[in-house]
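Please open the structure in your viewer and keep the selection tool at hand, as this tour moves from one pocket to the next. At each stop there is something to select and a short account of what is there.

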Amino acid sequence: MMPGRAEGLLQEAAVYFAHIALNQAVWAGGLILECILAGILFSRRIAGRFPAFAGLMVFYPLRAVLLFVCQGRMTSEIYDSLSIVLSLVEFILQILVAVEIGLRWSRGTGGRTRRYWLLIGIAGGAAALAWGVAAFASGRVTVDRMEVFVWLLMAGLFALVFRATREVNLVRIAAGFAAFSLFQIVALLGRLHARAGQNPREYLVWSYVPAVGYIAVAMFWLVALRRELGAGTPVRRMAAR
C-alpha cells in the first residue's frame, strides 16, 4: 500500500471515529439536560401551569432512551416505523404546546375575538411559509413541512407573547422555542448553501447546529424558568432576577 494512501485512510478513520464520539457526547449531554429539565419542571411547580410543555420535555428523554434500547434489537423496517410514530407524537405535543402558549397569551390581554383571529393568522402564515420553504428546498436537502411549520409557528407566538403578558415563565418558554426555531432555520440555510457548493464537510458542520441549539435552549430553561407560586411573575421584573 502506498504511504500516501495509508495516510489518507488513517485520516478518514480518525474523522469517522471523531464523528461517532461527538455524536455520543451530544446525545449523552442532551439526555442528561433533558432529565434535569423534566425534574425541574415538577420541582418548581411549572408542570402544573404548563402541562403540555412539561409533557413534551418528559417525552424527549423517554424517546431518546427508547430508540437507543431498540436500536439493533429489531429490524430496520420496524425501527423506522417506530421513529415515524414517535415523530408524529412529538409533532402533536408541539402543537399542544403552541396552543397552550396561545391560550395563556389570549387570556392575559384584551379583545378576545381579535386575539383569536391573530392566532389563526399566525398559524395560517406559518403553514403557508412552511409549504414554500419545503418546496424551495425540495431536491436539495430533506425538509419536513411539519417541522418547518412548528419552527415558524413558535417564532410567531414569541412575537405575540413578548411584552404582551405578565407571566415570566410564559415569555421564557416561548423565547426558548423561538431561539431553537432560529437555530433550525439557520442550519437549514447552511445545509442548502453547503449542498449548492457540494461541500460535504460544511454540510456536516451545519447538521450539528440544531443539536447545539437544543442544548443551549435547555440550559437557558434550566436557569431562567422560575418556581410557580400562583400568579405569573411580572415581565418587568425579568431583568432584575
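Begin with the largest pocket of this predicted model, whose lining residues divide into 25 nonpolar, ten polar and six charged. This pocket has a volume of about 1,700 Å³, and to find its middle you can select Trp27, Arg63, Glu90, Pro210 and Ala211, which are the closest to its centre of the 41 residues that line it.

Next, colour the helices that give two or more residues to this lining, namely H1 (3-43), H3 (51-70), H4 (76-107), H6 (145-161), H7 (168-196), H8 (200-207) and H9 (209-224). Which of them should you look at with most care? Select H1, since the largest share of the lining of the largest pocket, eight residues, comes from this helix.

Now move to the second largest pocket, which has a volume of about 180 Å³. To display its lining, select Ile95, Ala98, Val99, Gly102, Leu103, Leu119, Ala123, Phe149, Leu153 and Leu157.

Which helices each supply at least two residues of the lining of this second largest pocket? They are H4, H5 (112-137) and H6, and if you highlight H4 you will have the helix that gives the most to this lining, with five residues.

Finally, colour the lining of the second largest pocket by residue class, and you will find nine nonpolar residues, one polar residue and no charged residue. For the last view, show H4 and H6 together, as both helices give two or more residues to the lining of the largest pocket and each also supplies at least two residues to that of the second largest.

Key
Residues are numbered from 1 along each chain as its sequence is written. This is a predicted model: local features need pLDDT of at least 70, side-chain atom pairs count only at pLDDT 80 or more; totals for chains, interfaces and linings use all residues. Side-chain values use heavy atoms; hydrogens and water are left out. On a 1 Å grid over the protein atoms alone, a cavity is a set of points where a 1.4 Å probe fits but cannot get out, and a pocket is an open set with protein on both sides within 12 Å along at least five of seven lines; lining residues have an atom within 4 Å of a point. Grid points are joined across faces, edges and corners, and a volume is the space filled by probe spheres set on the points. Helices (H or I, at least four residues) and strands (E, at least two) are DSSP runs, numbered from the N terminus. Ala, Val, Leu, Ile, Met, Phe, Trp, Tyr, Cys and Pro count as nonpolar, Asp, Glu, Lys and Arg as charged, and the others, Gly among them, as polar.
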